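Q: I'm new to this structure and would like a close look at just one part of it. Please pick a spot where several pieces come together, and walk me through it slowly.

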Amino acid sequence: MKFGILKERKNPPDRRVVFSPDAIVKIKLEYPDFSVIVESSEDRIFKDQEYQFAGIEVSNDMSDCDVLIGIKEMPVENLIANKSYIFFSHTIKQQPHNRGLIQAILQNNIDLFDHETFVDKNNRRLIGFGRYAGYVGVYNGIRAFGLKFGLFKLPLAGTLNGKEELIRHLKRLVLPPLKLVITGKGKVGKGAKEMLDAIKIKEVSGENFLTKKYSQSVYTQLGVADYYKRKDNQPFYFDDFKANSQEYESSFEVYSNVSEILIAGHFHAPGSPKIVTRKMLQSKDCRIKVIADIACDIEGAIASTLRSTTIEEPLYGYLPSEHKEVDVFHPAAIVVMAVGNLPSEIPRDASIGFGQMFSEYILPAFFNEDKDGILQRSQITSKGKLTPRFNYLQDYIQ
């Protein structure tokens, strides 16, 4: 079986890749039948010469490959018919902007697998870049606070060389006694927590966070039960919330009234109630000055996320009283960071970590006849049709 590592074609260019040269060398040692071609790219964080130096073929012709693996969506015009593709297709939530992509995949008889749909038998995600998004989200949030209030100026994350350099810059700062709140305890939330721990910001319980004053910066991390409650004040049960989210509402206001920085690292299912509402942000008691929305769901869980931002221009101001975008330095503005591709800011670290996860959890399925059903559960299309697991996309496609 021959694998092809695709170059990224979206604009602005994404510098990440699924496998680094070192990762491919290790894979070849473990799987002698593993054959690979790396597509030539001028933008990738690992240069063509690095792959060639490791004895890996680099080419512009990928037609001989069976399985083609990338990060972002492949433009329709670059699809090769009758192949298997793996990338983040951004179609499983029926995203309108990628309807044409899934239609073209079906028309070209392509078998599509999605990094996002690689799950175990309990439907838990196996791989992703969330942890790295958490790292950069924390950095960008603290950077935004410094810029807004003229306290310090940090360089853009994308100009630094990975997580450790982000940490070094943050450690140099003398922060006022801020309260930072993280929403979410998944991979993104864990990455955010790891970053705050690395720069010695103290973690406190939710109760102490709400009731005590501190002479140093502190943070607390919230799970779903901490920021949602039933409208009838009955106890919170996660399974009930998943089945009946319309019966719930946000209880986050107690945190928005004491926090200066929100690091939003939660998962927000379509149809779930907002976590941070316009009313909360308009309240005279709201203390939030910066919202680092790592999830970046437009008009989603966070009312202030009006649009996504870019790596080059990561911030905008949000005026709660008028629910509109304003200049970051408007005196009444909350600063919003809503970069949708944060892991791209530390592409080397993100690529190495992602490759390790793919090698451990996904790659074996190609060589053990998919004995654990990893590929079967992930596959969205097969032989020009949707697979049963993803039949719900039929109306979206049509």
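A: One term before we start: a residue is called buried when its relative accessible area is under 20%. Also keep in mind that this is a predicted model.

Let's zoom in on helix α5, which covers residues 163-171. Which of its residues are buried? They are Lys163, Glu165, Leu166, Ile167, His169 and Leu170. That list has leucines and an isoleucine in it, but also Lys163, Glu165 and His169. As for what these buried residues pack against, there are three helices to look for: α4, α6 (187-198) and α12 (347-362).

Start with α4, which runs over residues 130-148. Its axis lies 11 Å from the axis of α5, and the angle between the two is about 30°. That angle is under 35 degrees, so α4 counts as roughly parallel to α5. The way α4 passes α5 is a left-handed crossing.

Now for the residues that touch. From α4 come Tyr135, Val136, Tyr139 and Ile142. On the α5 side they meet Lys163, Leu166, His169 and Leu170. Those four α5 residues are also in the buried set we just went through. Sorted by class, the contact has six nonpolar residues, one polar and one charged. If you're curious about the spacing of numbers along a helix, here's a handy bit of background: an α-helix has 3.6 residues a turn, so residues three or four places apart point the same way.

Next, follow α4 across to α6, another of the helices that the buried residues of α5 pack against. Here the axes come within 6 Å and cross at roughly 50°. That makes α4 and α6 oblique to each other, because 50° falls outside the parallel, antiparallel and perpendicular ranges. The crossing of α4 and α6 is right-handed, whereas that of α4 and α5 is left-handed.

So who meets whom in this second contact? On α4 you'll find Gly130, Arg131, Gly134, Tyr135, Val138 and Ile142. Their partners on α6 are Lys187, Val188, Gly191, Ala192, Glu194, Met195 and Leu196. By class, this contact of α4 with α6 divides into seven nonpolar, three polar and three charged residues. Tyr135 and Ile142 are worth a second glance: both sit in the contact with α6, and both also appear in the contact with α5.

Let's put the picture together. Helix α5 has its buried residues packed against α4, α6 and α12. Helix α4 lies roughly parallel to α5 and oblique to α6. If you want to trace it on screen, begin at Leu166 or Leu170 in α5, both of which take part in the contact with α4. Then go to Tyr135 in α4, and on from there to the α6 side, where Ala192 and Met195 are among the residues in contact.

Technical notes. Residues numbered from 1 in each chain as written. Predicted model: local features only at pLDDT ≥ 70, side-chain atom pairs only at ≥ 80, totals over all residues. Heavy atoms only, no water. Axes fitted to C-alpha atoms, helices over the stretch in contact; angles between N-to-C directions. Parallel < 35°, antiparallel > 145°, perpendicular 65-115°, else oblique. Left-handed = near helix turned anticlockwise from the far one by under 90°. Contact = heavy atoms within 4.5 Å. Nonpolar A, V, L, I, M, F, W, Y, C, P; charged D, E, K, R; others polar. Buried < 20%, exposed > 50% of the residue type's maximum accessible area, 1.4 Å probe, protein only.
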